[in-house]
Structures are given as structure tokens and as C-alpha cells.
Amino acid sequence: MKAVLLGTTAGGGFPQWNCACVLCVRARSGSLPSRSQDCLAISGNGTDWWLVNASPDIRTQIAACSLLNPGPGPRDTPLRGALFTDAELDHTLGLLTLRGGAGLTVWAPGTVLHALKDQFDLRTVIDGYAPLGWREAEPEFEITGGLRVSAIPISGKRPKYARSSTVDGHWVVAYRFEDLVSGGVLVYAPCLASWPTGFDEVVAGADCLLLDGTFYAASEMGSATGSSSGQAAMGHLPISASLPELRRFPSVRRFYTHLNNTNPVLDPASPESAKLREAGVEVPLDGTVIEL
């Protein structure tokens, strides 16, 4: 199994276009590396590649990753489709860029498929260009390339545009990928509102975990930007709460991803970054490749 972190930040990227916080100013000056919005590419055989979420930055992300280069035919591509962890705009709008692709399949929870048709209508727009295969992510299924996938419900948080939806169920999932040949296991959970029941077993059974690192502290965004509201409703467990949990799994390779532009771990010289290094937890850059 091979996975590429195409992007590692939360919505808006880093620096965020409308933010002049200290970290964003440093990124614009070049003293900290810029990052694109969170997205993963994964393959079990190096030939069939799947996106996990499709960020608004997907065109530049694909262009920067030679493993996703088109060919050998003029319109051939190694991309087979995408798996959505949720229905957030930051994780689905990249499909609009992929509208010229043929034969792509999208896997997502039933709530997400409903929202993308009845609340946002992205499905109708996309299918007007090149019809996609839309598949409900069941508890366990297989995708081309030799990967078995488990969809793990972790949150009921709906995107803002779907707040009026009457559909009940799990709106956010984590994905567990198992290589059917090597047995390697990668878990991808970029949105985690809390440490859910049973998640210990999921982490303990993984070789690699990519976890929600949106915020370091519960009051971070207000401190960095002067905003008095917003963060609490975003559905992201802060690192200060999840790091003690991760310390219990030293044998698992652990990464934080989906970093907000206000997160001090974006600066490798910060005390917060030092705490992660001491715990053996990594903060990967865009383009990081993981092999299991």
C-alpha cells in the first residue's frame, strides 16, 4: 500500500487567503512552508489510485504528484475515483475539477450522497459532464487495487448547507484501508469530534494513523484571530485532547493532518511541535509518501 498526503491543512489552506494571523503572515513571507487543503491519494498496487476526499486544490495537487500523472493513452489516468469522509465543501468541491474524467466512482456514507444530491445538488452538476458511479460506503467493501475498506462512523456533524436535512445517520466516517497482499493497515480520520467508543481498537489494529489535527487548543482560533465564536461548532477534537490518547499507541506510526492555519504546530520550532516530537507523533508536509 502506498499513500500520498496531497494536502495537509483545513479549509482555506495555509496561508488562508483572508487571514493575517501571525502564522499566515510568516507563510506569505516564506519563513514557513505553504500547504494546500487536506486530501489523500492511496493505492494498493501502484496502478489504481483513489482520492480520499477531493479538495478545491485538487488540480495543483494532482499535477504535483508524479504518481498520478496521466497516460499511457492521451486520456488515461490512474485515478479510479474518490471516497468521501463527509459532505463538507472542503472535501467534495474538487469533484468539479474532475468533471472531465470518465469511469470514476465515488464512495460515501448514505447521508453524504443524499446531501450532495438534495441539499447541494453536486451530483446532478457532475453527472451532466461525465456520469460517475455513486456508491454507498457500507461497513466493509473492496476497491480496485487490492484494498479492503472499512467505513467507521465517528460523528453526526452535518455541513452548514445540510442543516435542514431530515436524514438521520452518521455524517462523518473514518476509513480503514487494509492491503490484501501485505496486510498493512492505514486509518484516515481527518475529522474527529471526540474520541468515539471503539476507536481504541481501530487505532491499535493499524500500522499508520492519520488523525484530525485541526486545532491544537480549544480556544486557539479566538486567540489567534480575535474571533469570539466559530471553533466550538466545527466538530474537531483539539490536539491537546487527542495527544494523550495517541501516547497510548507508541507502536503505531501517527500523523496529524487537516491543520488549521492558526495551529502552532505548523511552526516546527514551536513548543507545541516539540511536544508532538517527544510523543513520537509526526506533522507531515504536503507530498509526504507513506508505504506499508
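**Group meeting: a surface patch and some backbone oddities**

So, let's start on the surface: Leu96, Val125 and Tyr129 make up a nonpolar patch there, and together they have about 280 Å² of accessible area. Patch members need over 30% relative accessible area and no salt bridge, with nonpolar side chains (Val, Leu, Ile, Met, Phe, Trp, Tyr) joined within 5 Å and like charges within 9 Å. A salt bridge here is a side-chain nitrogen of Lys or Arg within 4 Å of a carboxyl oxygen of Asp or Glu. Areas are Shrake-Rupley with a 1.4 Å probe, and for residues only the protein chains shown count as cover.

Bear in mind that this is a predicted model: local features need pLDDT of at least 70, side-chain atom pairs count only at pLDDT 80 or more, and totals for chains, interfaces and linings use all residues. Numbering runs from 1 along each chain as its sequence is written, and side-chain values use heavy atoms, leaving out hydrogens and water.

Now the backbone. Most residues other than glycine have a negative phi, and most peptide bonds are trans. Phenylalanine 14 and proline 15, though, are joined by a cis peptide bond, omega about 0°. Another cis bond links glycine 71 to proline 72, with omega about 5°.

What about phi? Asparagine 53 isn't a glycine, yet its phi is positive, about 70°. Buried or partly exposed? Asparagine 53 is buried, at 0% relative accessibility (buried is under 20%, exposed over 50%, partly exposed in between; 1.4 Å probe, protein chains only). Aspartate 121 also has a positive phi, near 65°, but aspartate 121 is partly exposed at 31%.
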